[in-house]
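Here are my notes on the model you sent. They are numbered so that you can reply point by point.

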Amino acid sequence: MKSLSDAPSTTELDTRAKLLEASGPVFAARGFDRATVREICAAAGVNVASVGYHFGDKLGLYRELIRQIRESRQRQFPTPYASVDDDPSASLARVVRTLMSRILAADPSGWESQLFMREMQNPTPVFEDIVVEYFKPLHDRLLQNITVLINDPSVSDHVIQQLALSVVGQCVHYKVGADAIKLLVPAQQRELHFDVETISRHITAVTLAAIRSDEVIRPENLL
């Protein structure tokens, strides 16, 4: 057990916070591989040895940064868990809305979304943590909702997985394809019909329609 003398000093906590704050924009702009400890420490205004002291190495700093962003989004948009009285369609809608909210959440920092997009496109050793801790609980909820809505044990597991991943793909598209959407969809339409709530309702409706389609849930019949 640590004594009071082992507790981090105010200066140490301040240095740690400075490193986390300064590293985000650097990692987002340059990527994990190209970002250097030296430039992060220069941006933070701290000694170059501080990263090793507080985080072990650059990866330790990056892992802690991602963890803090992930937990902040999870607190803001917690995974919705169903109760026995839940309507399955409404439960699905809540999961879709949560996923869309996390993906399209306002980013006051200006770099958090860029950092996550980099991680998705060029995975680092932290990628597995993000998927398992951040996305998997929502993915599991999607699988549960879709299974309940189909209510047919003869439907193949891979079909349920495909339906869940279709939801994820639609949600991610509105982030990854944001620049293309701006060119394809008039500004007035985007302002009126492309907010999180409206898009979530659309994706939920499309998913419910797919669940009711024999062509989707029984693709073997098309062969």
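1. Is C41 buried or exposed? C41 is buried, at a relative accessible area of 2%. The cut-off for buried is under 20%, so C41 qualifies with its 2%. C171 is buried too, at 0% relative accessibility. No disulfide shows up: the structure holds zero.

2. Confidence comes next. This is a predicted model. Mean pLDDT for the protein is 90. A value of 70 or more is reached by 92% of the residues. The weak stretch to note is residues 1-7, where pLDDT stays under 50. For those residues the model has one contact beyond four places in sequence. I would read that segment with the low pLDDT in mind.

3. The fold is helical in its assigned elements: twelve helices and zero strands. Along the sequence the pattern reads α-α-α-α-α-α-α-α-α-α-α-α. The C-alpha atoms fill a box of roughly 65 × 50 × 35 Å along the principal axes. The protein has 223 residues, and 38% of them are buried. Take the contacts between residues at least 6 apart in sequence: 72% of these join residues at least 24 apart.

4. How many salt bridges does the count come to? The count is twelve. As background, side chains of opposite charge can pair when their charged atoms come close. Three of the pairs are taken up in the points below, with their N to O distances.

5. E64 and R67 form a salt bridge at 2.5 Å, N to O. Both residues sit in helix α4, which spans residues 58-76. They are three residues apart, about one turn of the helix. Their accessibility is worth a look. E64 is buried, with a relative accessible area of 12%. R67 is partly exposed, at 28%.

6. R218 and D152 pair across the chain. Their side chains meet in a salt bridge at 2.2 Å, N to O. Which parts of the chain does the pair link? R218 lies in the segment after α12 (214-217). D152 lies in the loop between α7 (127-150) and α8 (157-176). The two are 66 residues apart, and the pair links distant parts of the chain. D152 is partly exposed, with a relative accessible area of 26%. Elsewhere, salt bridges that share partners join R16, E64, R67 and E71 into one network.

7. E39 and R30 make another salt bridge, at 2.8 Å, N to O. Here E39 is partly exposed, at 26% relative accessibility. R30 is partly exposed as well, with a relative accessible area of 29%.

8. Last, the empty space. What is the volume of the largest pocket? It is about 360 Å³. The lining of the largest pocket has 18 residues, and the closest to its centre are L104, S113, Y174, K175 and A178. Four helices give two or more residues to this lining: α5 (88-104), α6 (112-121), α8 and α9 (178-184). Which element gives the most to the lining? That is α6, with four residues.

Key. Residues are numbered from 1 along each chain as its sequence is written. This is a predicted model: local features need pLDDT of at least 70, side-chain atom pairs count only at pLDDT 80 or more; totals for chains, interfaces and linings use all residues. Side-chain values use heavy atoms; hydrogens and water are left out. pLDDT is the predictor's confidence in each residue, from 0 to 100. Contact means heavy atoms within 4.5 Å. A salt bridge is a side-chain nitrogen of Lys or Arg within 4 Å of a carboxyl oxygen of Asp or Glu. Buried means under 20% relative accessible area, exposed over 50%, partly exposed in between (1.4 Å probe, protein chains only). A disulfide is a pair of cysteine sulfur atoms within 2.5 Å. On a 1 Å grid over the protein atoms alone, a cavity is a set of points where a 1.4 Å probe fits but cannot get out, and a pocket is an open set with protein on both sides within 12 Å along at least five of seven lines; lining residues have an atom within 4 Å of a point. Grid points are joined across faces, edges and corners, and a volume is the space filled by probe spheres set on the points.
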